Amino acid sequence: MSLLLPPRALAEERGTVWAWPAPVVAAAFDAAGHLAFGLGDGTVRLASPDVCEAVIVPAHRGAVLALGADVGDGFLTGGDDGRLLRVAPDRTLAEIAAVPGRWISAVDAAPATGRRLAVAGSEVLVFDADGAPVTRLQGLAGLDGAAFDPRGRRIAAAHYGGVTVWSPRKRAWAARLYGWQGAHLAVLWHPRSRFVVSAMQEKALHAWRLSDGVHMQMPGYPTKPRSLAWADGGKVLLTSGSEGVVSWRFTGRDGPMGGTASESGWARGVPITRVAAHPHLPVAAAGAKDGFVALMPLDGSGYVPVLRPNGAAVETLAFSPDGRWLAAGDAGGRAVLVDLQP
């Protein structure tokens with residue numbers, strides 16, 4: 001497969017662009033290739049390449065705070081109304097959990113086990129494939145993000161003071177703290193579960209090698225690097241947080257320990273807010289604080305503009321599972337679905 005998007009062929013000329021009355025806070029493709037956008041007005045918009053109008057699904061009372069692919073097909077959403085929902089491709093809704101007085105700030109699903117999780121206040125709520133509760137992982141101050149490992153068994157959670165990894169046992173879940181002072185905002189597993197990486201309030205990343213707990217400082221960002229993506233099979237970690245895409249090498253036993261990051265992209269003087277990695281090719285997508293979106297090869301050989309700047313920060317980027325489509329959304333309510341092949 002190759003990307004055949006010609007230079008200067010912007011999304012306005014090659015794709016579908018929507019203008020909605022609320023910020024686009026999240027976008028995701030499910031395994032079947034269906035696309036959903038989550039908005040700040042509580043709606044989920046189901047979109048398709050062959051349909052100009054997206055289907056509106058009223059989901060939450062208040063903003064959508066989290067959206068991701070569910071097990072199989074469909075989507076999980078969490079809102080500031082404390083509800084965890086499943087949105088099916090046929091627009092039907094199913095409530096998995098409701099925690100009044102709290103908000104659902106992160107969701108994840110594990111295809112390997114059929115389990116789902118949601119971050120609700122200071123707890124991680126875990127459910128099985130039928131929506132039945134499995135466990136509540138509690139007691140973490142400043143809990144902000146959580147994710148399943150690639151096998152769908154262990155859970156890592158980012159919170160104040162580090163990352164906690166829970167492993168299921170016969171009678172209980174065993175917790176191990178990978179500590180580092182500061183506020184940890186998001187967590188990402190290595191594709192082969194060799195490392196966990198957290199994004200920090202203190203404008204840095206931190207990583208731990210899971211085999212022995214050795215930690216790695218990854219500082220030097222001018223802004224918080226809240227968007228992380230693995231590329232090249234886990235050999236490269238791409239991040240936002242600077243005016244170019246920051247790349248850390250995770251080759252060898254020690255990953256980035258003792259190394260430095262590289263930066264590529266453009267010299268526009270505008271911070272990058274979101275990054276995404278193509279699922280099959282050495283290509284990244286990057287979105288900036290002013291709404292600009294571009295594709296760029298990982299070898300640093302330039303970039304191809306995809307979306308013109310409009311003054312609204314890019315909040316979400318997502319590639320389809322086959323790599324043909326790129327979805328983007330920004331804080332001004334603009335959403336786009338662009339075909340990367342002719």
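# Loops, rings and charges in a predicted model

Asn310 counts as partly exposed, at 37% relative accessibility. On this scale, a residue is buried under 20% relative accessible area, exposed over 50%, and partly exposed in between, with a 1.4 Å probe and protein chains only. The model is predicted, so local features need a pLDDT of at least 70 and side-chain atom pairs count only at pLDDT 80 or more, while totals for chains, interfaces and linings use all residues. Residues are numbered from 1 along each chain as its sequence is written, and side-chain values use heavy atoms, with hydrogens and water left out.

## Two loop residues

Asn310 is placed in the loop between strand 27 (304–307) and strand 28 (314–319). Strands here are DSSP runs of E with at least two residues, and helices are runs of H or I with at least four; both are numbered from the N terminus. Leaving aside neighbours within four places in sequence, Asn310 is in contact with Asp290, Gly291, Asp330 and Arg334, where contact means heavy atoms within 4.5 Å. Lys289 is 21 residues away from Asn310 in sequence, and their C-alpha atoms are 9.5 Å apart.

The side chain of Asn310 also makes a polar contact with the side chain of Asp330, at 3.1 Å. Such a contact is a pair of N or O atoms within 3.5 Å; within protein, one must be able to donate a hydrogen and the other to accept it, and residues adjacent in sequence count only if both atoms are side-chain atoms. In addition, a polar atom of the Asn310 side chain lies 3.1 Å from the backbone nitrogen of Ala312.

A second loop residue is His190, found between strand 16 (173–189) and strand 17 (195–200). Is His190 buried or exposed? With a relative accessible area of 1%, His190 is buried. Not counting residues up to four places away in sequence, His190 touches Pro150, Phe195, Trp230 and Gly234.

## A hairpin

Strand 24 (residues 272–277) and strand 25 (residues 283–288) run antiparallel and are joined by five bridges; two strands pair if DSSP finds at least two bridges between them. These strands form a hairpin, with five residues between strand 24 and strand 25. Within this pairing, Arg274 has Gly287 of strand 25 as its bridge partner.

## Aromatic rings

There are seven aromatic pairs in the structure. Rings of Phe, Tyr and Trp (its six-membered ring) pair if their centres lie within 6.5 Å; planes under 30 degrees apart count as stacked, over 60 as edge-to-face and the rest as tilted. One of the pairs, Trp18 with Trp20, is stacked, at 5.5 Å centre to centre and 20 degrees between the planes. Trp18 is buried at 5% relative accessible area, and Trp20 counts as buried at 11%.

Why is the pair of Trp230 and Phe250 edge-to-face? The ring centres are 4.9 Å apart and the planes stand at 85 degrees, so Trp230 and Phe250 form an edge-to-face pair. The pair links distant parts of the chain, 20 residues apart: Trp230 belongs to strand 20 (residues 228–231), and Phe250 to the loop between strand 22 (244–249) and strand 23 (262–265). Trp230 counts as buried at 15%, and Phe250 is buried at 2%.

Trp18, Trp20 and Phe37 form one aromatic cluster. Arg45 lies over the face of Trp20, 5.0 Å from the ring centre. A charge sits over a ring if NZ of Lys or CZ of Arg is within 6 Å of the ring centre and within 35 degrees of the ring normal. The charged end of Arg268 likewise sits over the ring of Phe292, at 4.3 Å from its centre.

## Salt bridges

Side chains of opposite charge can pair when their charged atoms come close. The structure holds 13 salt bridges, each being a side-chain nitrogen of Lys or Arg within 4 Å of a carboxyl oxygen of Asp or Glu. The table lists some of them.

| Salt bridge | N to O distance |
|---|---|
| Asp73 and Arg86 | 3.2 Å |
| Arg102 and Glu123 | 2.9 Å |
| Arg136 and Glu123 | 2.7 Å |

Asp73 lies in the loop between strand 6 (64–69) and strand 7 (75–79) and Arg86 in strand 8 (residues 83–87), so this pair ties together parts 13 residues apart in sequence. Asp73 is partly exposed at 29%, whereas Arg86 counts as buried at 19%. Both belong to a network of salt bridges that links Asp70, Asp73, Arg86 and Arg116.

Glu123 is buried, with a relative accessible area of 7%. Its partner Arg102 is partly exposed at 24%, and Arg136 counts as partly exposed at 45%.
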